[in-house]
Amino acid sequence: MKKRFLCSSMAICLASLLCLLAFPVQASITPSDLKCSDKISGWVWQNDPDFGHKHMGSKSTVGKFDDAQVQSSYSSIISSGKALWGSAINFSTTAPGNAGVQNIITSSSTPNTEGPASTQIISINASSGHITQWRMTIYSALFDEKATDMKKKIIAHEIGHVYGLDHLYDASKYTSLMYGGYAGGSSAQTLQQDEILGMNLLTHTHTSHSFPAFTQVVGGNSHRSICSGCKGYREAAHATDYYTWYNSSQHKNVCVCGYTVGYSSHRMSQGTCLDCGGP
């Protein structure tokens, strides 16, 4: 980054810096370049060690009922569960026997200690990270005993996994739909606006990120900028962007976010520091 000298002859540079702090910088980046977390974003995506961030890349996906019994038993509640996501997704189902659909919705009477339903991502496009095949399993012994409202939330939670959302585990997110701290789900869980923002990213509804200047200091090594459209964020190392007078022998080396990176000696010429313009 170019140094900006704080002296009267560089007033234009200062004005440019202030504009940078006041107005967001537009950028488009792929999901793999973006960070997310429970506390900051309110959503987390699934991460594959081989293919990176798994995501649907589209609003639309179709699940096929494994057999007529599964369709009869769960078609209605799946429709109610997907409705909780509203217009954020276009999730649909089809009857057994549709050879063109590989995504499966099935059920099992085998007890599952992890919860009343689960979703498995079967395959991913290696170059894009897009989910190409998935399987949702409803464990009837646990699921069928739940109240209708809870069943809807369980299905909506699993649909979140279908599209690439992962569990939230921070205690502050216990009311979020994707919270994973309840093995069997909880009536406290409801779809949060942050989760819709995350879904919009994973479906590529949101693609143009708006990052303000790096003004949020993370610590001694980096600063953060949060996208206003999805609450994903970028982090970067501090760098000396300009200098300010500190004392007669040194000035502060200051990052654009306002963090003091360090101190360095004045470079004096005719009684004025060439870097900070002091004294």
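## Report on a predicted protein model

Of the 279 residues of the protein, 42% count as buried, where buried means under 20% relative accessible area, exposed means over 50% and partly exposed lies in between, with a 1.4 Å probe and protein chains only. This is a predicted model, in which local features need pLDDT of at least 70 and side-chain atom pairs count only at pLDDT 80 or more, while totals for chains, interfaces and linings use all residues. Residues are numbered from 1 along each chain as its sequence is written, and side-chain values use heavy atoms, with hydrogens and water left out.

The protein has 6 helices and 17 strands, which are DSSP runs numbered from the N terminus (helices are H or I with at least four residues, strands are E with at least two). Its exposed surface is about 13600 Å², and carbon and sulfur atoms supply 50% of it; such areas come from the Shrake-Rupley method with a 1.4 Å probe, and for residues only the protein chains shown count as cover.

### An open sheet

Five strands form an open sheet in the order S5-S4-S6-S8-S7, with mixed pairing, and two strands are said to pair if DSSP finds at least two bridges between them. Strand S5 (90-94) and strand S7 (117-124) stand at the edges with a single partner strand each, so one side of each is left without a neighbour in the sheet. Within this sheet, strand S6 (residues 104-108) and strand S8 (residues 131-139) pair in the parallel sense over 5 bridges, and Ser 107 stands opposite Ile 138 in S8.

### An enclosed helix

Helix H6 (residues 193-202) has 8 of its 10 residues buried, so it is largely enclosed by the rest of the structure. Among the buried residues of H6 are Asp 194, Glu 195 and Met 199. The buried residues of H6 pack against helix H2 (38-41), helix H5 (148-163) and strand S9 (209-211), where contact means heavy atoms within 4.5 Å. Just after H6, His 204 takes a positive phi of about 65 degrees.

### Cysteines

A disulfide is a covalent bond between the sulfur atoms of two cysteines. Here a disulfide is taken as a pair of cysteine sulfur atoms within 2.5 Å, and by this rule the count comes to 0 disulfides. The table sets out two of the cysteines.

| Cysteine | Closest cysteine sulfur | Relative accessible area |
|---|---|---|
| Cys 36 | Cys 230, 8.9 Å | 16%, buried |
| Cys 230 | Cys 227, 3.8 Å | 0%, buried |

The sulfur of Cys 36 is therefore too far from that of Cys 230 for a bond.
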